[in-house]
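Please read this note with the sequence and the structure open beside it. Each point can be checked by finding the residues it mentions.

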Amino acid sequence: LNDQVRIPPQIGKYKVYIIDEVHMLSKAAFNAFLKTLEEPPKHAIFILATTEKHKIIPTILSRCQIYDFNRIGVEEIVGHLREIAKKENITFEEEALHVVGQKADGALRDALSIFDQLSSFTNRNLTYDAVLKNLHVLDYDYFFNVLDSLYIADYAKSLVTLDSIIKQGFDGSHFLTGLESHLRDLLVCKHPSTLALLEVGENVKARYHEQATAIPADWIIDALKIANEAEGKYKNSLNQRLTLEVFMLHLASLGEKKKSELNASANTLREPKPEQRTTSFQPNTSTVAASKPAAPVHQAAASSTVNEPVASP
């Protein structure tokens with residue numbers, strides 16, 4: 001590169017050199033490149049692309065203009081795909097475009113590639129069900145139904161739903177990460193300030209809000225902790241399906257514990273308070289009298305007439 005940069009362009013005014021993943025260069029390579037970067041020829045422009053800016057030595061960074069590129073949001077991708085679909089006369093459902101936007105993971109190039117393939121596979125009719133089938137994505141309904149069953153501690157229904165998901169060819173880790181994302185989205189719905197972080201369609205957003213209202217935040221946080229632990233165990237497990245089922249039963253036990261706590265608190269409120277018993281202390285006169293020393297015989301007549309004070313108990 002140091003040798004080639006001296007040669008001026010034959011056509012055009014500039015030579016542009018793009019070094020991708022520049023953080024992979026060794027320290028010796030950076031030092032060898034530093035002299036060229038400090039005093040480049042007038043016709044040379046260097047573009048250093050990296051995803052780990054902190055690994056580049058400061059002497060290189062100080063001589064560069066830095067431009068940070070972020071992932072494109074789902075709403076921006078959906079808006080762009082909507083315009084393309086209208087220009088190309090492709091019928092679509094809004095939820096289908098949201099699935100494509102989430103699958104693209106912030107890359108518009110990937111979103112356009114997926115959109116182009118789906119428009120061919122579905123004969124220019126992008127329905128929600130067709131997109132899920134072609135992209136092999138789990139429907140939101142599965143996660144809503146599974147979480148409803150787990151919260152009311154319905155062990156049987158949750159295990160049957162898991163079995164149907166596995167029979168459709170979905171990997172257990174795919175279901176586990178999807179359920180974690182679902183729990184995270186429910187927690188996001190709990191506060192108006194974080195509602196903007198939920199990147200789904202309006203119909204699905206309404207369902208999230210409904211379920212988030214029914215399930216308390218502490219239960220969701222506990223479920224997230226259990227799911228996070230299960231994800232680490234799943235990769236190293238010899239019987240991965242059993243690990244998933246134990247994870248589901250563990251979540252269902254949270255619902256059972258919550259239900260028993262609610263029943264106990266309800267019974268406590270219904271029970272009448274026991275009546276308070278008031279006791280009055282009555283001094284034992286015989287004990288007081290017996291504790292006094294016996295009077296002499298010659299004073300018996302006098303003591304019978306004089307009322308001696310009795311010590312208060």
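The points below deal with salt bridges, surface patches and cysteines.

1. Status of the model. The model is predicted. Please keep this in mind when reading the distances and percentages that follow.

2. Salt bridges overall. Across the whole structure, the search gives 13 salt bridges. The next points take up some of them.

3. Glu38 and Arg63. These two side chains form a salt bridge in which the closest N and O atoms are 2.7 Å apart. Glu38 belongs to helix 1 (residues 27-38), while Arg63 sits in the loop between helix 2 (58-61) and helix 3 (74-87), so the pair ties together parts that are 25 residues apart in sequence. Glu38 has a relative accessible area of 35% and is partly exposed. Arg63, at 39%, is partly exposed.

4. Glu39 and Lys35. A salt bridge joins the side chains of Glu39 and Lys35, with 3.7 Å from N to O. How exposed are the two partners? Glu39 is exposed because its relative accessibility is 57%, and the class begins over 50%. Lys35 has a relative accessible area of 52%, so Lys35 is exposed as well.

5. Glu245 and Arg241. Here the side chains meet in a salt bridge at 3.2 Å, N to O. Both residues lie in helix 12 (residues 240-270), and they are four residues apart, about one turn of the helix. Glu245 is partly exposed, since its relative accessible area is 23%. Arg241 is partly exposed too, with a value of 35%.

6. A network. Which residues are linked with Arg241 and Glu245 in a network of salt bridges? The other members are Asp163 and Lys167. The pair described in point 5 is therefore part of a network of salt bridges, and a student should look at the four residues together.

7. A negative patch. Glu75, Glu76, Glu199 and Glu202 form a negative patch on the surface. One of them, Glu199, is located in the loop between helix 9 (172-188) and helix 10 (202-214). Glu199 has a relative accessible area of 37%, which means that this residue is partly exposed.

8. A nonpolar patch. Tyr14, Val16, Ile18, Ile45 and Ile47 make a nonpolar surface patch of about 470 Å². Which elements give two or more residues to this patch? They are strand 1 (15-19) and strand 2. Val16 is placed in strand 1.

9. Ile47. This member of the nonpolar patch is found in strand 2 (residues 44-48). Ile47 counts as partly exposed because its relative accessibility is 40%. Ile47 and Asp20 are separated by 27 residues in sequence, and their C-alpha atoms are 8.3 Å apart in space.

10. Cysteines. How many disulfides are there? The count is zero, where a disulfide would need a pair of cysteine sulfur atoms within 2.5 Å. Is Cys189 buried or exposed? Cys189 is buried because its relative accessibility is 7%, and the buried class covers values under 20%. Cys64, by contrast, is partly exposed, at 28% relative accessibility.

Definitions and conventions
Residues are numbered from 1 along each chain as its sequence is written. This is a predicted model: local features need pLDDT of at least 70, side-chain atom pairs count only at pLDDT 80 or more; totals for chains, interfaces and linings use all residues. Side-chain values use heavy atoms; hydrogens and water are left out. Buried means under 20% relative accessible area, exposed over 50%, partly exposed in between (1.4 Å probe, protein chains only). Patches are made of residues with over 30% relative accessible area and no salt bridge: like charges are joined within 9 Å, nonpolar side chains (Val, Leu, Ile, Met, Phe, Trp, Tyr) within 5 Å. Accessible areas come from the Shrake-Rupley method with a 1.4 Å probe; for residues, only the protein chains shown count as cover. Lys and Arg count as positive and Asp and Glu as negative; His and the chain ends are not counted. The place of a charge is taken as NZ of Lys, CZ of Arg, CG of Asp or CD of Glu.
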